[in-house]
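User: I would like a close look at a single part of the structure shown below, followed by an account of other parts of the chain. Please keep the answer connected.

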Amino acid sequence: MPDSLPPLRAAAVVGTTLREHVLHGMHAAKGATGEFTSLLNHISLAIRIINSRVRAAGLADLLGYTGETNVQGESVQKLDTFSNEVLMNVLERSGHCGVIASEELDEAQLADHHGKYVVLFDPLDGSSNIDTNVGIGTIFAVLRRNEPKLSRPSLADALRPGREIVAAGYVLYGPSTIFVMSTGQGCHGFTLDPSIGEFFLSQPDIQVPTRGNCYSVNEGNFSRWAPEIQNWARWVKAVRPVGPTPDGSTPFNTPYGARYVGSLVADAHRTLVKGGIFAYPADSKSKNGKLRLLYEANPMAFLFEQAGGAAINGTERILDMMPTELHQRVPLILGSKDDVAVYRQFVTGERT
Ligand code: AHM
Ligand code: MG
């Protein structure tokens with residue numbers, strides 16, 4: 001080694017861990033008891049366990065289907081079941097959850113009577129991509145129960161609008177494992193160092209660009225969409241005249257590029273980092289869209305808003321929707337503010 005290298009300083013070498021980041025937030029919050037911090041640490045533990053199995057799935061006989069069908073009518077993969085059991089187990093043992101609900105369970109589980117929190121999750125999103133080694137993920141939202149000391153946990157604790165979320169995140173098991181999280185103070189990305197099993201802050205304060213140049217949608221559904229959605233899809237592919245944008249940024253005159261993985265976590269993560277738009281609209285087959293409000297759309301919407309982006313169901317802000325059912329589906333459009341605004345204009349008829 002050349003002796004001209006400067007000596008390494010620990011502060012520059014050891015980054016901020018997820019644990020430290022969460023703890024820092026707790027110290028800043030008045031009256032914090034440490035339960036929220038402990039809950040997030042439990043979620044992080046479950047994620048590291050799921051990650052280790054996802055990484056070795058082909059070796060551990062974890063690929064393929066269980067032969068069962070879940071409440072959504074979808075075939076259950078072995079990794080779906082495993083991920084669900086890990087999260088359930090870790091969350092129940094945390095003692096902080098009054099209600100736990102998962103894409104893989106028919107009903108919400110009413111857990112610890114004194115648990116202050118509600119955790120809603122999709123344990124393994126993009127499961128149709130598992131067997132082909134394409135990016136998959138975990139998505140979750142945390143809400144605070146109403147009056148946990150006075151009332152028993154109930155489904156009503158979970159059926160709250162997304163604007164009441166106190167923390168949300170997703171994990172993308174991609175080339176590296178990335179954990180994107182927000183506790184309402186910005187949106188931050190952490191990368192897992194697999195050699196020591198610790199998440200380190202790698203993308204502090206993520207900001208979605210105001211406008212992007214990619215659209216992400218399953219265009220195989222084109223013939224099933226309403227005419228206004230078809231018009232939007234024609235618009236993103238059209239060459240448009242250059243004109244000034246409202247914020248004075250670079251005008252776009254080329255068609256948008258298409259990027260669609262088919263795993264919400266992967267498509268949303270790319271959109272969060274690079275800008276543009278992700279859309280899963282309603283269609284004649286999926287009349288209310290395909291994605292689930294409580295554990296897919298709401299946590300993503302929370303993260304995108306924290307990063308300066310937007311999320312709507314076509315016309316309405318996702319976070320303002322009042323859920324009526326645990327597994328409710330919703331059209332989901334999220335991404336750069338300007339791109340989401342253009343989509344909305346097509347839906348409302350301001351653009352044709
Ligand atoms: P899953 O949670 O059962 O995996 O299903 C949700 C997935 C999303 O990850 C993705 O955005 C969408 O469904 C893909 O649907 P399609 O195959 O219709 O494009
Ligand atoms: Mg999913």
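Where is N89 found?

Analyst: The model is predicted, and the values that follow are computed from it. N89 is found in helix α4, which spans residues 78-94. The relative accessible area of N89 is 40%; because this value falls between the 20% limit for buried and the 50% limit for exposed, N89 is classed as partly exposed. In sequence, N89 and A46 are separated by 43 residues, whereas in space their C-alpha atoms are 8.6 Å apart.

Exposure can also be followed at two loop residues with an unusual backbone description. N133 lies in the loop that links β5 (117-125) with β6 (136-144). Although N133 is not a glycine, its phi is positive, at about 60 degrees. N133 is exposed, with a relative accessible area of 74%, a value over the 50% cut-off. D205 is likewise not a glycine and has a positive phi, here of about 50 degrees. The residue sits in the loop between β10 and β11, and with a relative accessible area of 42% D205 is partly exposed.

The strand that precedes this loop, β10, belongs to a hairpin with β9. Strand β9 covers residues 188-193 and strand β10 covers residues 198-203; the two are paired in the antiparallel sense through five bridges. One of the bridge partnerships joins G189 to Q203 of β10. Four residues lie between the strands of the hairpin, and G197 adopts a positive phi near 70 degrees.

On the other side of the D205 loop, β11 takes part in an open sheet of five strands. The order of that sheet is β12-β11-β13-β15-β14, and its pairing is mixed. The edges are formed by β12 (257-258) and β14 (310-312), each of which pairs on one side only. Within the sheet, β11 (residues 214-216) and β13 (residues 277-280) run parallel and are joined by two bridges. Across this pairing, S216 stands opposite F278 of β13.

Helical packing can be described for α6 and α7. Two packed helices are described by the angle between their axes and the distance between those axes. Helix α6 (residues 264-274) packs against helix α7 (residues 293-306) at an angle of about 15 degrees, with the axes 12 Å apart. The two helices are therefore roughly parallel, since angles under 35 degrees fall in that class. The crossing of α6 past α7 is right-handed. From α6, the contact draws on L264, V265, A268, T271 and L272, and from α7 it draws on E296, M300, L303 and F304. By class, seven of the residues in this contact are nonpolar, one is polar and one is charged.

Helix α7 is mostly covered, with twelve of its 14 residues buried. Among the buried residues are E296, M300, L303 and F304, which also form the α7 side of the contact with α6. The buried set further includes L293, L294, Y295, A297, N298, P299, A301 and F302. After α7 comes G308, with a positive phi near 85 degrees.

Technical notes:
Residues are numbered from 1 along each chain as its sequence is written. Chains are lettered from A and ligands numbered from 1 in the order in which they are written. This is a predicted model: local features need pLDDT of at least 70, side-chain atom pairs count only at pLDDT 80 or more; totals for chains, interfaces and linings use all residues. Side-chain values use heavy atoms; hydrogens and water are left out. Axes are lines fitted to C-alpha atoms, for helices over the stretch in contact, and angles run from 0 to 180 degrees between N-to-C directions. Angles under 35 degrees count as roughly parallel, over 145 as roughly antiparallel, 65 to 115 as roughly perpendicular and the rest as oblique. A crossing is left-handed if the near helix is turned anticlockwise from the far one by less than a right angle, and right-handed if clockwise. Contact means heavy atoms within 4.5 Å. Ala, Val, Leu, Ile, Met, Phe, Trp, Tyr, Cys and Pro count as nonpolar, Asp, Glu, Lys and Arg as charged, and the others, Gly among them, as polar. Two strands pair if DSSP finds at least two bridges between them. Buried means under 20% relative accessible area, exposed over 50%, partly exposed in between (1.4 Å probe, protein chains only).
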